[in-house]
Amino acid sequence: MQSPYAVFVTRLGGPEVLEPRAIPMPTAQADQLVLEHTAIGVNFVDIYLRAGQPHSHNSEPPFVPGINAVGRVIEVGRDVEGFQIGDRVTYTNAGVGSYATHVALPAERAVKVPAALSDVRVAAGLVRALTAQYLLKQMRPLKPGDMVLIHAAAGGVGQILVQWAKRLGLRVVATVGSDIKASTARELGADFVINYSTHNFVDEVKRITQGEGVSVVYDSVGRDTFMGSLACLEPKGLVVNFGTASGQVEGFALQELHAKSLWVCRPTLRSYIAKRSDLLAMCEEVFELLADPTLRLDIEATLPLHEAAQAHRLLEGRTTRGAIVLTPAAHSAE
Ligand SMILES: NC(=O)c1ccc[n+]([C@@H]2O[C@H](COP(=O)([O-])OP(=O)(O)OC[C@H]3O[C@@H](n4cnc5c(N)ncnc54)[C@H](OP(=O)(O)O)[C@@H]3O)[C@@H](O)[C@H]2O)c1
């Protein structure tokens, strides 16, 4: 077994603040499992927390970032039922930093991974597919033919959102930041694709919808797109600002919603999976989706855990399509 280490955010700042450090081997309290990780998800929220963007669960450095991973159970707490040593499990939002070779986590947050799914696909897709699930199925009833706008459509969440929206019969307008990402969005099935680095997406949406607007905008970009997203809506339409990759939305006046009776929501996956029964039901649906080989989720890179800083550079540099996964390869962290 390799020596345990974790990647710490040593102070708030850029990717250079991420540092591998040796940690003691975790041990299980009565209600916990200890996992040896095999694949660790890299999610945009890891960047917000590393940089100190105000969030619902900021931590003071030094802390271990990361919200999801896959691993094998190596110790079971004495009060835990339903898990045994050797089980392959995943988790998210379990109150532990996942950029580590080993973690002790509440068994309450652990979910067994079906045999059909690889560790890397689950690490890449779990949080993203759970997010797409609540965005498409739990926020607003949508029917085949409804038109939605999905920003950053070639990214990790975006890839799943576009494909799932198409499976639900929705018409999809996708925005992306480069021509190569535009090709990806088209391959994923988007009906209309806009490169918002070179085109005004509000004008394009007006043209595509002949001035009618779309029913819902799924906006994970935030500051740079939010006001434009509102302008793309049909009357009574909804903007879901579920991410802030370009920065947080500030100075927004509620009155902006009045003329067209618009809706805005700023949700988090944490609320939708807080209850174990909801977590399990959503995971069951999402595992089925991820097990479908026709569901595309590009793995842009698989990097060793101790190179987490490089993963962050790639993700926040807008160069990635799909997801990045860290694998806890042996590393001597002092
Ligand atoms: N609220 C929730 O429950 C929840 C859960 C999971 C994820 N999220 C959010 O979902 C989004 C996608 O997450 P992900 O991990 O899969 O990341 P991602 O989409 O793979 O990467 C973020 C993308 O945002 C776009 N972007 C636009 N402006 C940017 C800027 N100034 N800097 C960096 N990127 C910018 C880029 O795509 P283009 O180049 O195409 O613009 C970039 O590739 C994030 O905003 C994340 O916070 C929210």
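The shell around the ligand divides into 13 nonpolar, 11 polar and five charged residues. Keep in mind that you're looking at a predicted model. In total, 29 residues surround the ligand, and the closest are Gly155, Gly156, Gly177, Ser220 and Gly243. The elements that give two or more residues to that shell are helices H1 (44-51), H2 (119-137), H3 (156-167) and H9 (308-316).

Where does the ligand lie with respect to domain 1 and domain 2? Both domains give residues to the shell, so the ligand lies between them. As for the bounds, the domain assignment gives domain 1 as 5-127 + 275-327, in two pieces of the chain, and domain 2 as 140-266. Measure from centre to centre over C-alpha atoms and you get 28 Å. The two domains also touch: 12 residues of domain 1 are in contact with 13 residues of domain 2. On the domain 1 side of that contact, the classes come out as five nonpolar, three polar and four charged residues.

Now for a look at the strands, starting with E8 (residues 147-150). E8 is covered on both faces, with Met147 and Leu149 buried on one side and Val148 and Ile150 buried on the other. One neighbour of E8 is strand E9 (residues 171-176), which runs parallel to it and is joined to it by four bridges. If you want a point of reference for that pairing, take Met147, whose bridge partner in E9 is Arg171. Helix H3, already met in the ligand shell, sits in the path between these strands: E8, H3 and E9 make a right-handed β-α-β unit.

E8 also pairs with strand E11 (residues 214-219), again in parallel, through three bridges. Here Val148 has Val216 as its bridge partner, and Ile150 stands opposite Tyr218. How many of the six residues of E11 are buried? Six of the six are, so to speak, under cover.

From E11 you can carry on to strand E12 (residues 233-241), since those two pair in the parallel sense over five bridges. Asp219 of E11 finds its bridge partner in Asn241 of E12. The route from one to the other goes by way of helix H6 (residues 226-231), and E11, H6 and E12 together make a right-handed β-α-β unit. So the handedness you saw with E8, H3 and E9, which was right-handed, turns up here as well.

Back to the helices of the shell, with H1 as the next stop. Which residues of H1 are buried? Val45, Asp46, Tyr48, Leu49 and Arg50 are, two charged side chains included. The cover over these buried residues includes strand E1 (5-9), strand E2 (18-22) and helix H9. Just after H1 comes Gly52, with a positive phi near 85 degrees.

H9, then, helps to cover H1 and also gives residues to the ligand shell. Glu316 lies in this helix. Is Glu316 buried or partly exposed? It's partly exposed, because 18 other C-beta atoms lie within 10 Å, while 20 or more would be needed to call a residue buried. Glu316 and Ser246 are 70 residues apart along the chain, yet their C-alpha atoms are separated by 9.4 Å.

Conventions. Residues are numbered from 1 along each chain as its sequence is written. This is a predicted model: local features need pLDDT of at least 70, side-chain atom pairs count only at pLDDT 80 or more; totals for chains, interfaces and linings use all residues. A residue is buried if 20 or more other C-beta atoms lie within 10 Å of its own, exposed if 12 or fewer, and partly exposed in between; C-beta atoms are placed from the backbone. Two strands pair if DSSP finds at least two bridges between them. A crossover is right-handed if, with the strands pointing away from the viewer, the path from the first strand over the helix to the second runs clockwise. Domain bounds come from an automatic or database domain assignment. Two residues are in contact if their C-beta atoms, placed from the backbone, lie within 7 Å. A residue is near a molecule or strand if its C-beta atom, placed from the backbone, lies within 6 Å of it.
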